[in-house]
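Biologist: Could you take one part of this model and look at it closely with me, starting from how charged side chains pair up and then moving on to whatever lies beyond them? I am new to reading structures, so please go slowly and connect each step to the next.

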Amino acid sequence: MIDASAAAAFASSSLAAVADASKAPDMARYLKTDMPFYGVQKSGRVPILKELTQRWIPNSRSEYFALVDSLWALPHREEKYLAIGVARAHDRFVTKSSVPRYRRLIVEGGWWDLVDAVAINLTGKVLHRQRESMTPTIMTWLHHRDLWVRRSAIISQIGHKGDTDIELLFHCCTDRAHETDFFIRKAIGWALRDLAWTDPEPVARFVADHAAELSSLSKREATKNL
């Protein structure tokens, strides 16, 4: 059985060893958060994540959750990035059974950098693999009381390219088009723009047909590639 607390201790000590305190304030300021940073950018986290994924390999879903949770519970932003990275790395556990845990990360993350990483790389991957069973969950998320869960539903197909369920995507966009929140409107535009890279004509028609419903931000973002 793996020692999740040892993995967490390794992550913290490794980040502290390469921390650049001069960068930490700017990183926090950019993300508009009071959460502390070590000041370790992505390039500095890559070898730490590699070591984590090679030394602590979960043998069960409960061990997988324990490992992710031990990192997520740590106080610094970079430790949460590592938690998401570890969750992605152990691919055999990225299934619908893990989605309730991913939703918890979305709600607790509560900001775009953490939420989008989970929504696209974890929940979105499950949707891609288990579309039939996962689609009802996405439909439910559209009406969740938490803004970030709703955003996650909208952007869950980013990167699916030709495998995108266009009907589901367009439903997500029209269902949430009435919302005034910036992050929802941006998500609608982003999700449409991503599809437009591979399938521009349906996006162009959708934006034209729903011009009165979509916000100017959503329309502007959606049509950047057209």
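Modeller: In this predicted model, E108 and R104 are joined by a salt bridge, and their closest N and O atoms are 3.4 Å apart. Both residues belong to helix α6, and because they are four residues apart there, about one helical turn separates them. E108 is partly exposed, with a relative accessible area of 46%, and R104 is also counted as partly exposed, at 31% relative accessibility. This pair does not stand alone, since salt bridges with shared partners join D69, R101, R104 and E108 into one network.

A search of the whole structure finds 15 salt bridges, and another of them links E51 to R55, with a distance of 3.6 Å between the closest N and O atoms. These two residues lie in helix α3, four residues apart, which is again about one turn of the helix. E51 is partly exposed, its relative accessible area being 29%, and R55 is partly exposed as well, with a value of 48%.

A further pair to look at is D91 and R129, whose side chains meet in a salt bridge at 2.4 Å from N to O. D91 sits in the loop between α5 and α6, whereas R129 sits in helix α7, so this pair ties together parts that are 38 residues apart in sequence. D91 counts as partly exposed, at 31% relative accessibility, and R129 counts as partly exposed too, at 42%.

It helps to set beside these pairs a charged residue that has no such partner. R45 lies in helix α3, and although R45 is buried, it has no salt bridge. The nearest side chain of opposite charge belongs to E78 and is 5.5 Å away, and because a salt bridge needs a side-chain nitrogen within 4 Å of a carboxyl oxygen, a gap of that length does not qualify. Leaving aside its neighbours within four places in sequence, R45 is in contact with L15, V40, E78, Y81 and L82.

R45 also leads us to an open space in the model. The largest pocket holds about 580 Å³, and among its 19 lining residues, K42, R45, Y81, R88 and A117 lie nearest its centre. Helices α2, α3, α5 and α7 each supply at least two residues of this lining. When the lining of the largest pocket is sorted by class, there are eleven nonpolar, three polar and five charged residues.

Space of a closed kind can be found elsewhere. The structure holds one cavity of 30 Å³ or more, and the volume of the largest cavity is about 40 Å³. Its lining consists of Q157, I158, T164, L169, A191, D194 and L195, and helix α11, which covers residues 182–198, gives the most to it, with three residues. The lining of this cavity divides into four nonpolar residues, two polar and one charged.

Two lysines deserve a look for the shape of their backbone. Most residues other than glycine have a negative phi. K32, however, has a positive phi of about 55 degrees although it is not a glycine, and K161 likewise has a positive phi, of about 50 degrees, without being a glycine. K32 is placed in the loop between α2 and α3, while K161 is found in the loop between α9 and α10. K32 counts as exposed, at 70% relative accessibility, and K161 counts as exposed at 53%.

Finally, consider T137, which has its place in helix α8, residues 131–141. T137 is buried because its relative accessible area, 16%, falls under the 20% cut-off. Not counting residues up to four places away in sequence, T137 touches K96 and V99. From C-alpha to C-alpha, T137 and L127 are 9.2 Å apart in space, and ten residues apart in sequence.

Conventions. Residues are numbered from 1 along each chain as its sequence is written. This is a predicted model: local features need pLDDT of at least 70, side-chain atom pairs count only at pLDDT 80 or more; totals for chains, interfaces and linings use all residues. Side-chain values use heavy atoms; hydrogens and water are left out. Buried means under 20% relative accessible area, exposed over 50%, partly exposed in between (1.4 Å probe, protein chains only). Contact means heavy atoms within 4.5 Å. On a 1 Å grid over the protein atoms alone, a cavity is a set of points where a 1.4 Å probe fits but cannot get out, and a pocket is an open set with protein on both sides within 12 Å along at least five of seven lines; lining residues have an atom within 4 Å of a point. Grid points are joined across faces, edges and corners, and a volume is the space filled by probe spheres set on the points. Ala, Val, Leu, Ile, Met, Phe, Trp, Tyr, Cys and Pro count as nonpolar, Asp, Glu, Lys and Arg as charged, and the others, Gly among them, as polar. Lys and Arg count as positive and Asp and Glu as negative; His and the chain ends are not counted.
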